[in-house]
Every structure is written in C-alpha cells, then in structure tokens.
Amino acid sequence: ARLLRFIQKITTSKEKQILLFMPAKRDVIQQLLRYSFSKALLKRLQLHLQACEQALETIVMQMKSFINQTKKQELTEWWLTQIREEVHLFLTKLNYNHIAVRDNYTEQPPENMNEIYRNLEIVDEILDEKNDK
C-alpha cells in the first residue's frame, strides 16, 4: 500500500517536479514492484537470530567454564583466602601470636614455649563448648 502511494506520488506530482530521473523512472518502478520486502525482512530476522544464537553459545561456554574444575578451583582458592584472612584477624584480636611457631619448627625448635602455650589457651578457649552461646 505504501509502495503504491509512493508510485502515485511520483507519477502524478502536482508541482510537476521530477522525483526520479525520467528515463529511469519506469525501471525504478519495476524494481520496486519486483523487490521482495518479505525476503529482506526474513534476511534481517535471520541476522538477529544468528546474533542471538552466538550470544547463547557464549553463555553456554561461560557456564561450562564455570562448572569445569578450573573455575571451581579458582572459586575454592578465593574462599579459602577469605577464610584465612578472617581467621587471622579474629585470632589477632585475641592476641594470638602468629609467629610463635615457625614454618620449619621440625628442624628448629620454637624460641619461646610460653608463647605457644598462650596460643594453645586461646585456641582451647575458642573451641570450648561451654563458651558457645
């Protein structure tokens, strides 16, 4: 309907303006009449469908990546780091001495056993069921 109105407008212009180059006017009108707007629309929809399919494929790949062991490992390591930091802060507030026992304690004995006993008391108090509320 819009195409027919356009054709009428260019063929019966009151201002006598030439809206299309006259020798090509007939060819242009024929091209417009032959043009398949439904095919153009279908092609446009297919492009959008392809874009959606690619986006969906990306999401599926991200989900698989999340589920695979690498992502699980990264998430686990992150949580363990968070827990380790919170425990460290919690024990520090209770005056726990984090360096009382060195990493190589089996090769070199601790310098101050009293600090180790004090740390043990702190841990015992934390784990004491009577203190749970």
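What percentage of the 133 residues in the protein do buried residues make up? I looked this up before anything else, and buried residues come to 8% of the 133 residues. I note at the outset that the model is predicted.

**Entry: surface and contacts**

I took the accessible surface of the protein next, and it comes to about 12,600 Å². Carbon and sulfur atoms hold 58% of that surface. I then turned to contacts with a separation of 6 or more, and found that 31% of them join residues 24 or more positions apart.

**Entry: secondary structure**

I counted five helices and zero strands in the protein. Read along the sequence, the pattern is α-α-α-α-α.

**Entry: α3 against α4**

I recorded the packing of two helices in terms of an angle and a distance, since two packed helices are described by the angle between their axes and the distance between the axes. Helix α3 covers residues 37–67 and helix α4 covers residues 69–93. Their axes are 4 Å apart, and the helices pack at an angle of about 60 degrees. I therefore entered α3 as oblique to α4. On the α3 side, the contact is made by Ser65, Phe66 and Ile67. On the α4 side, I listed Gln69, Lys71, Lys72 and Leu75. Sorted by class, this contact has three nonpolar, two polar and two charged residues.

**Entry: asparagine 95**

I looked up backbone angles with one expectation in mind: most residues other than glycine have a negative phi. Asparagine 95 is not a glycine, yet its phi is positive, at about 65 degrees. I placed asparagine 95 in the loop between α4 and α5, the latter spanning 113–127. Is asparagine 95 buried or exposed? Its relative accessible area is 52%, so I entered asparagine 95 as exposed, the cut-off for that class being over 50%.

**Entry: salt bridge**

How many salt bridges does the count come to? I found one salt bridge. Its partners are glutamate 111 and arginine 102, and their closest N and O atoms are 1.9 Å apart. I add as background that side chains of opposite charge can pair when their charged atoms come close. I checked the accessibility of both partners. Glutamate 111 is exposed, with a relative accessible area of 69%, whereas arginine 102 is partly exposed at 31%.

**Entry: tyrosine 117**

Where does tyrosine 117 lie? I located tyrosine 117 in helix α5. Its relative accessibility is 47%, so tyrosine 117 counts as partly exposed. I also looked up its separation from alanine 100: tyrosine 117 and alanine 100 are 17 residues apart in sequence. In space, C-alpha to C-alpha, I noted 9.6 Å between tyrosine 117 and alanine 100.

Notes
Residues numbered from 1 in each chain as written. Predicted model: local features only at pLDDT ≥ 70, side-chain atom pairs only at ≥ 80, totals over all residues. Heavy atoms only, no water. Salt bridge = Lys/Arg side-chain N within 4 Å of Asp/Glu carboxyl O. Buried < 20%, exposed > 50% of the residue type's maximum accessible area, 1.4 Å probe, protein only. Helix = DSSP H or I, 4+ residues; strand = E, 2+ residues; numbered from the N terminus. Contact = heavy atoms within 4.5 Å. Areas by Shrake-Rupley, 256 points an atom, 1.4 Å probe, with all protein chains shown as cover. Axes fitted to C-alpha atoms, helices over the stretch in contact; angles between N-to-C directions. Parallel < 35°, antiparallel > 145°, perpendicular 65-115°, else oblique. Nonpolar A, V, L, I, M, F, W, Y, C, P; charged D, E, K, R; others polar.
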